[in-house]
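Let us walk through this structure together, one part at a time. Please have the sequence and the 3D view open as you read.

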There are 4 protein chains.
Amino acid sequence: MGEISPSNGQVDARRKSCWYEEEIEQNLRWCFALNSILHTGATQYQDIALLDTKPFGKALVIDGKLQSAEIDEFIYHESLVHPALLHHPNPESIFIMGGGEGSTAREILRHRTVERVVMCDIDEEVVEFCKSYLVANRDAFFDSRLELVINDARAELEKSEGRYDVIIGDLADPIEGGPCYQLYTKSFYEDTLKPRLSDDGIFVTQAGPAGVFSHTEVFSCIYNTLKQVFKFVVPYSAHIPSYADTWGWIMASDSPLTQDAEELDLRIRQRIKGENRYLDGKTFASASMLSKAVRISLANETQVYTEGTAKFIYGHGAGHKFQSSG
Amino acid sequence: MGEISPSNGQVDARRKSCWYEEEIEQNLRWCFALNSILHTGATQYQDIALLDTKPFGKALVIDGKLQSAEIDEFIYHESLVHPALLHHPNPESIFIMGGGEGSTAREILRHRTVERVVMCDIDEEVVEFCKSYLVANRDAFFDSRLELVINDARAELEKSEGRYDVIIGDLADPIEGGPCYQLYTKSFYEDTLKPRLSDDGIFVTQAGPAGVFSHTEVFSCIYNTLKQVFKFVVPYSAHIPSYADTWGWIMASDSPLTQDAEELDLRIRQRIKGENRYLDGKTFASASMLSKAVRISLANETQVYTEGTAKFIYGHGAGHKFQSSG
Amino acid sequence: MGEISPSNGQVDARRKSCWYEEEIEQNLRWCFALNSILHTGATQYQDIALLDTKPFGKALVIDGKLQSAEIDEFIYHESLVHPALLHHPNPESIFIMGGGEGSTAREILRHRTVERVVMCDIDEEVVEFCKSYLVANRDAFFDSRLELVINDARAELEKSEGRYDVIIGDLADPIEGGPCYQLYTKSFYEDTLKPRLSDDGIFVTQAGPAGVFSHTEVFSCIYNTLKQVFKFVVPYSAHIPSYADTWGWIMASDSPLTQDAEELDLRIRQRIKGENRYLDGKTFASASMLSKAVRISLANETQVYTEGTAKFIYGHGAGHKFQSSG
Amino acid sequence: MGEISPSNGQVDARRKSCWYEEEIEQNLRWCFALNSILHTGATQYQDIALLDTKPFGKALVIDGKLQSAEIDEFIYHESLVHPALLHHPNPESIFIMGGGEGSTAREILRHRTVERVVMCDIDEEVVEFCKSYLVANRDAFFDSRLELVINDARAELEKSEGRYDVIIGDLADPIEGGPCYQLYTKSFYEDTLKPRLSDDGIFVTQAGPAGVFSHTEVFSCIYNTLKQVFKFVVPYSAHIPSYADTWGWIMASDSPLTQDAEELDLRIRQRIKGENRYLDGKTFASASMLSKAVRISLANETQVYTEGTAKFIYGHGAGHKFQSSG
């Protein structure tokens with residue numbers, strides 16, 4: 001008597017009693033056991049939380065949607081940034097639409113060729129929140145090459161006069177009525193964005209889920225819209241564990257985008273400080289060779305985003321990739 | 001463009017994305033939305049957490065089981081303490097088996113007659129945790145009438161020589177193999193506890209769930225065991241919202257326990273400092289008149305807790321009412 | 001090799017993989033492990049499902065809200081029906097507003113004095129669903145004393161000329177904008193319902209959750225509204241495990257409602273066929289003696305339901321007690 | 001009055017009240033809204049259920065673990081079967097270890113070259129369950145080229161005298177102490193399996209999760225074990241939405257496995273009846289080019305499965321790919 005030896009069962013029960021839940025779609029729920037709720041807050045535009053999750057480490061959540069998780073955000077951000085910069089002969093000036101989390105800037109600033117990065121996010125408080133709490137991005141936020149602009153990305157590009165080697169879209173998905181829809185339309189690409197690209201400039205954007213089924217939500221339509229505006233368009237994808245889905249990005253340019261795996265690996269060694277964890281030549285070769293189901297579906301897509309049309313994406317929606325500039 | 005007005009839907013989604021979950025029974029789950037996880041820790045005996053929940057305020061959780069919640073712990077603790085003290089003509093000395101949370105002592109110390117309270121809990125770290133974090137009990141912990149003893153309650157009562165007017169059992173339920181089983185047996189009551197009660201002394205114990213179905217887990221058996229040892233035994237119950245069940249307590253004595261509602265109300269006014277929120281004469285009259293289903297079941301109970309028998313209770317089990325002294 | 005002995009862990013995991021979930025309130029979730037989904041359907045007014053749950057047996061769910069569960073619906077229906085009929089000297093004719101599930105009629109028809117029961121529910125398909133699937137109520141549905149009317153209860157009472165000994169409200173809670181709000185207003189009680197009661201007639205209604213906190217949602221306000229219209233008003237409550245709350249009913253009449261426990265027990269023996277499982281004299285005495293917190297709150301309630309006011313109840317709301325007649 | 005218009009909110013709530021939940025890992029939960037629970041049962045070896053889920057259609061669940069879902073099982077089964085058969089010059093005889101669901105046989109039987117398929121599963125009742133309920137596989141179960149053997153796969157291969165062009169492992173993952181561990185060891189591959197392959201025969205096995213993190217559970221170790229036994233080993237992977245992960249397969253042979261995308265497409269057209277939905281030449285080229293993180297990890301793997309070693313995999317474990325033959 002007097003000796004209480006906690007059974008493992010009890011300890012386990014305790015360990016799993018607090019959960020983060022997200023409805024990926026209306027009928028699909030994804031739940032992470034929680035260690036703690038680190039910070040919560042609300043900005044003018046959105047609600048924001050930093051959670052410490054057991055399966056994926058620290059997780060940034062905006063309006064109830066996971067934005068990025070500590071242990072696998074490198075997949076998203078290496079995939080978003082490096083292919084476009086590596087395909088460009090000498091990327092010096094970069095414009096980020098959104099990106100307030102700081103991770104996109106962090107990856108860009110690893111490129112030795114880069115002299116200037118403009119990060120244009122509409123939500124100053126989110127930027128401040130991330131600057132304070134996301135330790136991994138702190139150096140990036142204080143890099144002298146980074147210019148932080150708090151503005152709507154479209155307004156900023158319209159008033160801008162310079163041209164950029166690479167423009168990166170790190171925005172919420174194009175939901176009809178959502179904050180960023182107008183930053184995915186044919187007219188925006190044609191009239192506002194493309195004039196701000198240098199002659200061999202490259203545009204790349206996150207393009208929503210790209211799974212065997214989920215690519216029809218916005219990925220195929222962003223692809224088809226960019227095809228109306230640019231000569232060369234390269235879609236690619238990668239599975240991101242914390243998103244419970246394969247994610248998509250699309251690169252577009254009027255110059256050919258045809259570096260093979262060996263050339264990419266060479267440029268990685270020459271240009272990028274430190275070691276990539278996810279992306280190298282073969283990874284990109286694989287990522288840009290889509291599966292039969294997705295290839296056919298993209299080829300058959302007819303919809304184009306215009307001011308008058310939109311396609312709905314559930315869940316990874318209004319909140320997703322909060323770097324909203326709409 | 002540029003205006004992002006967060007829809008209520010999104011805000012709601014965020015508000016409900018973090019949850020505390022408890023399996024009340026194997027097939028029954030009870031979940032509270034979380035504001036934050038205030039503190040977590042592990043003692044020699046058990047794991048402990050203090051959560052800030054939306055429906056029930058701050059909640060103390062031991063080994064994955066809710067112990068008490070800020071907004072309704074007064075129901076449990078007023079029901080545990082006041083009936084016994086009010087039925088005693090002049091309660092001066094009180095012994096608490098368990099009670100490390102401090103709420104039981106807090107309610108006892110509101111009685112003007114009380115001169116000495118011994119709180120005997122086996123887990124020093126839980127007591128320290130509660131002393132630090134449960135603000136509502138701070139005064140009680142520092143009241144000069146309170147003696148805190150870190151020991152097994154049985155060992156303490158065996159070596160003790162004095163006698164108490166009221167002994168209060170604020171212990172985990174009697175699960176076979178659980179930490180407190182031996183503090184609910186006929187032989188413990190007869191040989192150890194009763195000799196430490198004064199002549200008109202009263203024993204009261206929490207007695208597990210007492211719902212229309214759940215009372216068969218341990219309530220009816222504790223009742224029947226006490227009937228073997230004491231002349232007068234009074235079971236009573238109250239619904240506690242955060243427990244998702246009706247809870248039970250049992251009062252026992254060799255003196256009659258027959259105060260009517262008016263007499264109880266008079267004694268409350270005379271003896272108790274401050275205002276009770278839950279318990280008064282009519283509340284106790286109602287609480288001690290059990291429903292037909294439970295009355296019949298108690299009358300028909302034949303099992304007695306001895307060293308050789310035990311009944312299992314799921315969930316509100318080993319961890320429940322952590323003030324373990326076993 | 002070749003022998004696969006399933007571990008208990010795996011079996012357990014399987015047993016708990018299908019769940020019914022209900023948000024009792026916005027921040028409070030109640031989940032039952034499922035054996036199977038027996039039937040689902042949609043009527044003109046509402047969605048309906050019959051589930052086989054592990055903790056509570058077969059469960060009727062309307063619009064995502066539990067209506068009644070096999071193992072404890074006797075608590076709700078015995079509490080709704082018997083006190084009113086037992087307080088009446090000789091209840092012969094009964095009118096049920098709502099009640100399409102059939103359980104209320106079943107309990108009424110157990111009374112030997114009863115000659116005529118009118119069940120007036122607006123949703124014919126729900127009645128047919130329950131007639132088909134709720135085996136326990138089948139005899140009641142085919143009892144020759146039962147008249148089933150498909151109509152709005154107010155319209156039916158307005159055009160009705162007879163008078164009833166007991167009128168029973170088995171309706172959804174009075175949510176502003178909900179289907180049944182207008183069946184809880186002072187003017188409805190005064191102008192429509194009371195004229196249809198015989199001189200010593202009794203009205204009883206389910207009155208929503210009646211827990212220490214939840215009674216402020218609608219219970220106290222229904223109570224206060226009835227006090228404006230009837231001389232004698234008796235609120236009472238009982239914990240219903242599958243509702244995860246204490247539930248309330250209110251009885252009202254212009255004749256005194258003062259039978260003591262012994263008289264009730266006598267009338268039960270004389271008038272009711274078969275054995276009650278939950279309700280007897282002492283149970284009602286306890287149920288009608290509310291706890292201090294609730295008594296004070298009822299006494300202080302000032303709101304009256306009129307056509308122009310309403311109080312919101314979350315969850316057990318529009319759908320709860322589907323016997324909508326609004 | 002009298003009109004009840006169900007709000008969308010209520011309808012939605014109803015739609016999502018029944019859920020299937022699976023713990024992918026201890027701290028990670030994946031939940032599908034349910035339409036219904038079609039069938040449940042228990043065999044000598046395992047518990048089995050057929051669910052109708054909203055996001056993924058009909059889902060086969062064994063011992064609480066999802067085996068395959070109607071809308072995306074084609075990804076798993078096309079990936080398991082076609083690469084091996086297409087790399088073989090003329091696959092006529094095929095042996096399936098496990099495969100009781102019937103989908104693997106179904107894909108094999110689409111190959112015009114195939115003359116004989118032996119499906120060896122230990123659990124007859126699972127095979128009967130699938131034959132009865134999985135309509136899509138019915139033709140396969142009744143194809144005259146299929147021989148169904150109820151036996152442990154190892155015992156069957158040991159007593160067998162013939163040789164097979166392709167042997168396919170469609171078994172639960174190699175968990176230490178699990179039912180199939182011994183069917184993944186170096187000695188089994190060397191002494192039992194390889195002697196039953198024809199000279200240019202190919203072995204392919206499902207190889208557990210192959211995500212950026214999850215590939216270390218068993219994928220890398222199965223790969224390294226096969227490298228000890230076969231001259232040519234090709235790992236490949238694909239994201240399967242209903243598994244919430246990328247899945248892996250490994251093909252092994254002593255003949256080179258070097259068909260390029262065009263040759264594979266040619267053979268698909270020549271040999272396979274009907275149209276593949278997922279797999280074609282480019283899909284396999286992409287699937288077999290692993291990402292940097294996984295490639296490095298596989299290259300550095302040193303563990304080999306032997307009778308004395310094992311690595312644990314959580315969740316998609318003992319139950320996963322139930323076609324157990326251990």
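A good place to begin is a single pair of residues: B:L28 has C:F32 as its bridge partner in β2(C). Here strands are DSSP runs of E of at least two residues, helices are runs of H or I of at least four, and both are numbered from the N terminus. Two strands pair if DSSP finds at least two bridges between them. In this case β2(B) and strand β2 (residues 28–42) of chain C are joined by 5 bridges and run antiparallel.

A word on what you are looking at: this is a predicted model, in which local features need pLDDT of at least 70 and side-chain atom pairs count only at pLDDT 80 or more, while totals for chains, interfaces and linings use all residues. Residues are numbered from 1 along each chain as its sequence is written, chains are lettered from A and ligands numbered from 1 in the order in which they are written, and side-chain values use heavy atoms, with hydrogens and water left out.

Now widen the view to the interface of chains B and C. With contact taken as heavy atoms within 4.5 Å, 42 residues of chain B touch 43 residues of chain C. Together the two chains bury about 3,800 Å², and 60% of this lies on carbon and sulfur atoms. Buried area is the accessible area (1.4 Å probe) that two parts lose on being put together, summed over both. Of the area that chain B buries against chain C, 17% comes from B:N27, B:F213 and B:K292, more than from any other three residues.

One of these residues, B:K292, also forms a salt bridge with C:E275 through their side chains (3.0 Å, N to O). The term stands for a side-chain nitrogen of Lys or Arg within 4 Å of a carboxyl oxygen of Asp or Glu. Between chain B and chain C the count is 4 salt bridges. Which elements of chain B each supply at least two residues of the side that touches chain C? They are β1 (18–25), β2 (28–42), α2 (73–87), β12 (245–253), α10 (281–287) and α11 (292–300). The most comes from β2(B), with 6 residues.

Salt bridges also occur elsewhere, and a search of the whole structure finds 68 over all chains. One joins the side chains of B:E147 and B:R116 (2.7 Å, N to O). This pair links distant parts of the chain, 31 residues apart, with B:E147 in strand β8 (residues 146–150) and B:R116 in strand β7 (residues 116–121) of chain B.

Next, turn to chain D. Its open sheet of 7 strands follows the order β8-β7-β6-β9-β10-β12-β11, with mixed pairing. At the edges stand β8 (146–150) and β11 (232–240) of chain D, each with a single partner strand, so one side of each has no neighbour in the sheet. The twist from one strand to the next averages 15 degrees. β11(D) runs antiparallel to strand β12 (residues 245–253) of chain D, and 9 bridges join them. Within this pairing, D:H239 has D:T246 as its bridge partner in β12(D).

Chain A offers a final stop. Strand β7 (residues 116–121) of chain A pairs with β8(A) in the parallel sense over 5 bridges, and A:C120 stands opposite A:V149 in β8(A).

Technical notes
Axes fitted to C-alpha atoms, helices over the stretch in contact; angles between N-to-C directions.
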